[in-house]
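User: I have a structure to look through and would like to go over it in questions and answers. Please keep the reasoning short.

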Amino acid sequence: AAKPGLDIMLMQPKAVKTGDNQFEVMVKGADGKPVTDADVSVLFVMPAMPAMKMAEMRNEVKLKPSSAGMYMGSGNVRRAGTWNVTAMVMKSGKDLGQKKLTLTAK
């Protein structure tokens, strides 16, 4: 569970598309200040669909710091549909927090 107050927001993309996407995540602490020097990654998981003989798909996109509290990177979304997305924030090997959301790729 996220620590109280750690604010993780997926700023980009507003609309996920199949193929390459630019990801941008903003991380702020409980004090409202940007969290810097963290390791931020975005994990995409599409659950298996046995009816369609499709195995689970997952793709982790590592983001690099771009400015205070902002992390950016590009990653490939392999197919259209609904993905379970987890933005993860680590610092010095500690899990600072996660945010789960659902994105639909077109």
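User: Is Glu56 buried, partly exposed or exposed, and what is its relative accessible area?
Analyst: This is a predicted model, and the value is computed from it. Buried means under 20% relative accessible area and exposed means over 50%. Glu56 falls in between, so it counts as partly exposed, with a relative accessible area of 44%.

User: With which residue does Glu56 form a salt bridge?
Analyst: The closest N and O atoms of the pair are 3.2 Å apart, and the cut-off for a salt bridge is 4 Å. The partner is partly exposed, with a relative accessible area of 47%. Glu56 forms this salt bridge with Arg58.

User: How many salt bridges does the structure hold?
Analyst: One of them joins Glu56 and Arg58. In another, the side chains of Lys62 and Glu60 meet at 3.5 Å, N to O. Lys62 counts as exposed at 60% relative accessibility, whereas Glu60 counts as partly exposed at 40%. The number of salt bridges in the structure is two.

User: Which residue has its backbone oxygen 2.5 Å from a polar atom of the side chain of Asn59?
Analyst: Asn59 is found in strand β4, residues 57-67. Leaving aside neighbours within four places in sequence, Asn59 is in contact with Val42, Leu43, Phe44, Asn76 and Arg78. The backbone oxygen at 2.5 Å belongs to Asn76.

User: What separates the C-alpha atoms of Asn59 and Arg78?
Analyst: Arg78 is among the residues in contact with Asn59. Along the chain the two are 19 residues apart. Their C-alpha atoms are separated by 8.5 Å.

User: Which strands each supply at least two residues of the largest nonpolar core?
Analyst: This core has 24 residues, and Val25, Val27, Val40, Phe44, Leu63, Val77 and Trp83 touch the most other members. The strands that each supply at least two residues are β2, β3, β4, β5, β6 and β7.

User: How many residues apart in sequence are the parts that the pair of Phe44 and Trp83 ties together?
Analyst: The structure holds two aromatic pairs. Phe44 and Trp83 form an edge-to-face pair, 5.9 Å centre to centre with 75 degrees between the planes. Phe44 lies in strand β3 and Trp83 in strand β6, so the parts tied together are 39 residues apart.

User: Are Phe44 and Trp83 buried or exposed, and which residue joins them in one aromatic cluster?
Analyst: Phe44 is buried, and Trp83 is buried as well. The residue that forms one aromatic cluster with Phe44 and Trp83 is Phe23.

Conventions:
Residues are numbered from 1 along each chain as its sequence is written. This is a predicted model: local features need pLDDT of at least 70, side-chain atom pairs count only at pLDDT 80 or more; totals for chains, interfaces and linings use all residues. Side-chain values use heavy atoms; hydrogens and water are left out. Helices (H or I, at least four residues) and strands (E, at least two) are DSSP runs, numbered from the N terminus. Contact means heavy atoms within 4.5 Å. A polar contact is a pair of N or O atoms within 3.5 Å; within protein, one must be able to donate a hydrogen and the other to accept it, and residues adjacent in sequence count only if both atoms are side-chain atoms. A nonpolar core is a set of buried Ala, Val, Leu, Ile, Met, Phe, Trp, Tyr and Cys residues joined through side-chain atoms within 4.5 Å. Buried means under 20% relative accessible area, exposed over 50%, partly exposed in between (1.4 Å probe, protein chains only). Rings of Phe, Tyr and Trp (its six-membered ring) pair if their centres lie within 6.5 Å; planes under 30 degrees apart count as stacked, over 60 as edge-to-face and the rest as tilted.
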